Amino acid sequence: MEITHKKSLILLTIASIVVFFVVYLIGHTIFQYKSYNFMMKQTSVNKAASDDIILIVIDNKSLIRLGRWPWKRTLFLEIFDYLEHHTEAKVYGFDAVIIAPDTDFPEYDREFSRRIGSYDKLVAGVGFMYDYFRSEADKELFDKVLSQKHDVNFIDKRSAKYRIKSKYNSFTPFLRDYFYNVKNLGAVNTYQDFDGYIRKVDQIISYNDGLYPSLPLLMYSKVTGIKDFTITDKYVFGQNKDYKLKMPIINMDGSVYSYLSYYKTDDGVYSHQKISASDVIESLRNIKQGKKPVLDAEIFKDKIVFVGSNANSQALQDVKRTPVSDTFAGLDIQATNFNNLYKNEFFIEASPAYGFVVILTVFLLVLLLICTLPIPAALMCTSLVMFMYFIFTFLMYDRRIGVGLILPEVFMLIAIGFGYSYRYLVEGRKKEKIQSVMGKYISKDVMQNVVSNIDGVRLGGKRACVTVLFADIRGFTSISERLSAEEVTRILNEYFSAIAPIIEKHNGILNKFMGDAVLAVFGEPIKNENHAIDAVKCADDMLKKVKQLQTKWLDEGKPKIEIGIGISTGEAFVGNIGSEERLEYTVIGDTVNTASRIENYNKVYKTKFLISEETFLRVQKYVDVIKIREVAIRGKSKKINIYEVLRILSPEK
């Protein structure tokens, strides 16, 4: 049994390790993002976006007021004219990529491309792509000009393992005149995780052996005056006398990414102040006509502005799936990125190593609690640990540090399962040991009955028809006087050890030892209609066993021991007697007394095996007997016949 128990513990340990790593590897991918979304949504509601950032959006109102899409591109010029010449905005970014010519109004395209170079505060968008340019001529032409579209200097101090070839092979093929004339271009790429959510952005693009800033980073450079940025394995640094940037980064495929720290959104679309593009254009037109503008230009003073589109039109709808909303405006993602840079409010995700250590720690902690504490205390402490870890996670996210939420909680539940499996094995082993030891004090059958009905154990019992066997050693007093106490004890132990299995074999229970005597009961608690036959067969086997022991003891120089057996069948009280604190399972009644009295007649008639008349009537087909006579039994008013059993006629019923 010990080997089985050890094997069970080994298998449980192996299973724990296998399950731990399988759940970790699968769960890290599945649960990490889900917990990120949940916690980001819960904590971002406490953080308002900066008032220094304004969105100008081509929205539904703009289409209603200024005409359906597509617009003449000169309408964009009106927005830029207003911001450049009629406001004191610090810088404005154009979250759009101009690639296709306007075949309906080519003259407006030419004007747009010609005038775009006149806007000093404008930073336009460029999108880097995995595809290659359509021709080598396009590649040479565009690549040569692109490096001139920003004035940021990157000092790359990353390890060699991060300075690898870029995954990008081209960028958006602009209208050529527009591309030549626009002064500033920043990347508008966003990184989409495998589940479709945007949690990080391309901050610095590695392309064609060069590094290019994102649209918000280039705007940040314009606003702060920081031109030099140092890139290390973990951070991007930039500093001058007024501003200081320390941005946590992720290095992937040669480019630099950063996590977005989102802000409160009331409508699920925008987290920054939003103004309709139609109000901007109408304000410019009113100014030119000498009328009062729709907007007060003061609202743009010292502000950073992002211009883009998001309307209920297939060409204009620009919503993305983010942790805070599934309909978040793409333009606001660029604004959020700038907000993070401008306020040094960056989100950091804990490293996989940190996450693994946390999971392993809480797993082992809960496992220890479950294995060592009482069940109520263990569950209470485990619940407290789970709750405290949730609070810890919330506080970490509130401080823009992402740690796993769901996976550690899952592993705590797994630890509970393995902990109770361990306890089941250990306590099962203890239970087996207790039963084994208690089986030496009380009948195994009684003990099994108690264990199977543990909640029903109480004082009381019932009357039942049973057969009682009483066996006694002849002349034990004189034997005891000739031998030492140790020798007597050894003989008794050997005798009892030999007959106990015989009683059990014949469906009896060894109710008690009484000095040198044995009391066994058949028919309860093991239900058996043939209890009288079983008792007689048991007595016959006991006598045969004693005969074998006599030969052995004589060879060892020990005295010859004889036993006498008396059997009686009848009704008796069977159950628990004693007190609430101390119970004893036993049989009480005239049947028990009769068995004892019948056994005493063995001394009178020089016999070894006597049974009552009631027993004889139940077993007469299976035994050869001699009727002794009617005898008086103390406590009974009438005499009864007793019989000596000579032999068993049939081994089976």
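Modeller: Before we start, axes here are lines fitted to C-alpha atoms, for helices over the stretch in contact, and angles run from 0 to 180 degrees between N-to-C directions. Helices (H or I, at least four residues) and strands (E, at least two) are DSSP runs, numbered from the N terminus. The model is predicted, so local features need pLDDT of at least 70, side-chain atom pairs count only at pLDDT 80 or more, and totals for chains, interfaces and linings use all residues. Residues are numbered from 1 along each chain as its sequence is written, and side-chain values use heavy atoms, leaving out hydrogens and water.

Colleague: How do H3 and H4 lie: roughly parallel or roughly antiparallel?

Modeller: Helix H3 covers residues 74-86 and helix H4 covers 106-115; their axes are 9 Å apart, at an angle of about 30 degrees. Angles under 35 degrees count as roughly parallel, over 145 as roughly antiparallel, 65 to 115 as roughly perpendicular and the rest as oblique. That angle therefore makes H3 and H4 roughly parallel.

Colleague: Which residues of H4 make the contact with H3?

Modeller: Contact means heavy atoms within 4.5 Å. H3 brings Thr74, Phe76, Leu77, Phe80 and Asp81, and H4 answers with Tyr108, Glu111, Phe112 and Arg115.

Colleague: Which are the edge strands of the open sheet?

Modeller: Two strands pair if DSSP finds at least two bridges between them. The sheet has 4 strands in the order S5-S11-S12-S13, with mixed pairing. The ones pairing on one side only are S5 (153-156) and S13 (244-248).

Colleague: And which strands of the sheet does helix H7 touch?

Modeller: H7 spans residues 215-224, and its direction makes about 135 degrees with that of S11. Packed on the sheet, H7 touches S5, S11 and S13.
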